Amino acid sequence: MGTASSRARDRDDEGRARNARPRDGLGRPLPYGADGVDRQPEGVVRTPDQTIAEAQALLDAGRPFHAHEVFEDAWKSGAEEERTLWRGLAQLAVGLTHAARGNTTGGARLLRRGAGALDEWASAAARHQPYGMDLASVTAWARELAEAVESAPAPVNAGERAPRLRRR
């Protein structure tokens, strides 16, 4: 009888290690054969507007882990001068994921790290509303949520606590 470590690793079509276990809405692995939430395809090149719209829809649906994957695609495929922007947004989504999973320390840390990255990028690029996003309100949201999860350590409802990337 083999152990999990002796089992062959799941691989994608290109041979890279990729866990094929289904995942829940917050990206946690479920047992093989369980019904999970469809994963975001990796490596999709989107326009910045498509990235923001898709990520916002996922955030609003309470799926910040999946939104982080959309931001990660932009970070990896976008313009070099915007990588800190997309990485910061991905960190915010992961911070919200951890907060929704009940990981107070990790959630607060990533929310603050992402807010710092966005502040750094906005200052260096002298752009505070790229693609219609209001980075000042997004970073304020992140810092307020970090404080909230630290002062009342309990899982948050990711859909209810989702940020507004653009003003309505």
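**Entry 1. Aromatic pairs**

I searched for paired aromatic rings and found two aromatic pairs in the structure. I note at the outset that this is a predicted model.

I took Phe71 and Trp86 as one of these pairs. Their ring centres are 6.3 Å apart and their planes meet at 25 degrees, so I recorded the pair as stacked. I then placed the two residues: Phe71 belongs to helix H2 and Trp86 to helix H3, with their positions 15 residues apart, and the pair thus links distant parts of the chain. I looked up the accessibility of both and found Phe71 and Trp86 buried.

I turned to Trp86 and Tyr131. The centres of these rings lie 6.2 Å apart with planes at 25 degrees; because planes under 30 degrees apart count as stacked, I entered this pair as stacked also. Trp86 is in helix H3, whereas Tyr131 sits in the loop between H4 and H5, 45 residues apart, and here too the pair links distant parts of the chain.

I asked myself whether each partner is buried or exposed. Trp86 has a relative accessible area of 2% and is therefore buried. Tyr131 reaches 28%, which makes this residue partly exposed.

I grouped the rings and obtained one aromatic cluster, made up of Phe71, Trp86 and Tyr131. I also checked for charges over the rings: Arg127 lies over the face of Tyr131, 5.3 Å from the ring centre.

**Entry 2. Surroundings of Phe71 and the nonpolar core**

Which residues does Phe71 contact, apart from its neighbours within four places in sequence? I listed Thr51, Ala55, Trp86, Leu89, Ala90, Ala93 and Leu165.

I then looked up the largest nonpolar core, which has 36 residues. The members that touch the most other members are Phe71, Leu85, Trp86, Leu89, Leu92, Met133 and Leu165. I traced the core to the helices: H1 (48-60), H2, H3 (83-101), H4 and H5 each supply at least two of its residues. Which helix gives the most to this core? I found that H3 does, with nine residues.

**Entry 3. Salt bridges**

I counted the salt bridges and recorded 12 in the structure. I examined several of them individually.

I began with Lys76 and Glu72, whose side chains meet in a salt bridge at 3.4 Å, N to O. The two residues are four apart in helix H2 (residues 64-77), and therefore about one helical turn separates them. I compared their accessibility with the cut-offs. Lys76 has 56% relative accessibility and so counts as exposed, while Glu72, at 23%, counts as partly exposed.

I next looked at Arg83, which forms a salt bridge with Glu80; the closest N and O atoms are 2.7 Å apart. Arg83 is partly exposed, its relative accessible area being 28%. Glu80 is exposed, at 56%.

I then took up Arg112 and Glu150, with side chains that meet in a salt bridge at 2.8 Å, N to O. Where in the chain do Arg112 and Glu150 lie? I placed Arg112 in helix H4 (residues 104-125) and Glu150 in helix H5 (residues 135-151), 38 residues apart, and noted that the pair links distant parts of the chain. Both residues fall between the limits of 20% and 50%, which is why I entered them as partly exposed: Arg112 has 30% relative accessibility and Glu150 has 41%.

Finally, I looked for salt bridges that share partners and found Arg46, Glu54 and Asp73 joined into one network.

**Entry 4. The protein as a whole**

I tallied the secondary structure and obtained five helices and zero strands. Read from the N terminus, the elements run α-α-α-α-α.

I looked up burial for the protein, which has 168 residues; buried residues make up 42% of them. The accessible surface comes to about 9,100 Å², and carbon and sulfur atoms account for 49% of that area.

I closed with the contacts whose separation is 6 or more: residues 24 or more positions apart provide 58% of these.

Technical notes: Residues are numbered from 1 along each chain as its sequence is written. This is a predicted model: local features need pLDDT of at least 70, side-chain atom pairs count only at pLDDT 80 or more; totals for chains, interfaces and linings use all residues. Side-chain values use heavy atoms; hydrogens and water are left out. A salt bridge is a side-chain nitrogen of Lys or Arg within 4 Å of a carboxyl oxygen of Asp or Glu. Buried means under 20% relative accessible area, exposed over 50%, partly exposed in between (1.4 Å probe, protein chains only). A nonpolar core is a set of buried Ala, Val, Leu, Ile, Met, Phe, Trp, Tyr and Cys residues joined through side-chain atoms within 4.5 Å. Contact means heavy atoms within 4.5 Å. Rings of Phe, Tyr and Trp (its six-membered ring) pair if their centres lie within 6.5 Å; planes under 30 degrees apart count as stacked, over 60 as edge-to-face and the rest as tilted. A charge sits over a ring if NZ of Lys or CZ of Arg is within 6 Å of the ring centre and within 35 degrees of the ring normal. Accessible areas come from the Shrake-Rupley method with a 1.4 Å probe; for residues, only the protein chains shown count as cover.
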